[in-house]
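User: I've got a model open and would like to talk it through with you. Can we start with the overall picture and then zoom in?

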Amino acid sequence: TNQFNSALLAQCLLSEIDLMENKLGDANNKLIVAARLLEENPFLEGKYAFQKVKTKYLEKTSDFEGAYKSYQKAMSFKDSISYRLNLENFSNIEFQLNFEKKQAEIEALQERRKQNELIIYILFAFIITVIVSFILVFYQYKKRKRREKEILNIEKLRIENELQNTETQMR
């Protein structure tokens, strides 16, 4: 099924079980199969698992120098895996920080928009108030002018009446 990674890891685990049961021949056969799978599809986790099991196998067969070299390779692969994971974590954290920064900017823009809308409403209310006040003042001014005109007309009529009365009396 072209699941080389899973097959490689399974071979390593089976080999490790054989080593626990002291079946060195079976463990060696499984390591050979794992090595072929690793050649076809190399990946860090597989290399690490293979070298880890190979180290245990070489320790069991008393090849301590080979076990040490295999252990060094395994630790090198483990460090590479850790480094890659750290890079991925760093990238994820960086993405998250950028996302949160953008969210904060969006929230700030929305807050600023709300404040601008509030200012517009206040200005609109102020303009309406000024217009209404102007209309009222204009209406009061017109009303006062009309009253003054009426008072002048009444005064004029009174003076004309007096003049007529005086004229009549003089006649």
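User: What share of the 171 residues in the protein chain is buried?

Analyst: Keep in mind that this is a predicted model. Buried here means under 20% relative accessible area. Of the 171 residues in the protein chain, the share that meets this is 16%.

User: Which secondary structure elements does the protein chain have, and in what order do they run?

Analyst: The count is 4 helices and 0 strands. Read from the N terminus on, the order is therefore α-α-α-α.

User: Is the protein chain compact or spread out, going by its radius of gyration?

Analyst: For 171 residues the globule rule gives 16 Å, and the radius of gyration is 50 Å, well over that. The C-alpha trace spans about 160 × 35 × 25 Å along its principal axes. So, set against a compact globule, the protein chain is more spread out.

User: How far apart are the end C-alpha atoms of helix H1, residues 4-20?

Analyst: H1 has 17 residues, and at 1.5 Å a residue they should span 24 Å. The model agrees with that expectation, because the distance between the end C-alpha atoms is 24 Å.

User: How are the buried residues of H1 arranged when you look down its axis?

Analyst: The buried ones are Leu8, Gln11, Cys12, Ser15, Glu16, Asp18 and Leu19. Down the axis they fall within an arc of 160°, so what they line is one face of the helix.

User: And which exposed residues sit on the face of H1 turned away from its buried side?

Analyst: Exposed means over 50% relative accessible area. On the face turned away from the buried side, the exposed residues are Leu13 and Met20.

User: Which helices are included in what covers the buried residues of H1?

Analyst: Cover here comes down to contact, with heavy atoms within 4.5 Å. Included in that cover are helix H2 (24-40) and helix H3 (44-60).

User: Which residues have the most contacts inside the largest nonpolar core?

Analyst: In soluble globular proteins, nonpolar side chains tend to be buried together. The largest nonpolar core has 15 residues, and those with the most contacts inside it are Leu8, Cys12, Phe50 and Tyr57. As for the elements that give two or more residues to this core, they are H1, H2 and H3.

User: What does cysteine 12 touch, leaving out residues up to four places away in sequence?

Analyst: Cysteine 12 is among the buried residues of H1. With those sequence neighbours left out, its contacts are Ala34, Ala49, Phe50 and Val53.

Technical notes. Residues are numbered from 1 along each chain as its sequence is written. This is a predicted model: local features need pLDDT of at least 70, side-chain atom pairs count only at pLDDT 80 or more; totals for chains, interfaces and linings use all residues. Side-chain values use heavy atoms; hydrogens and water are left out. The expected span of a helix is 1.5 Å times one less than its number of residues. Buried means under 20% relative accessible area, exposed over 50%, partly exposed in between (1.4 Å probe, protein chains only). The arc is that of the directions from the helix axis to the C-beta atoms. A nonpolar core is a set of buried Ala, Val, Leu, Ile, Met, Phe, Trp, Tyr and Cys residues joined through side-chain atoms within 4.5 Å. The radius of gyration is taken over C-alpha atoms; the globule rule is 2.2 Å times the number of residues to the power 0.38.
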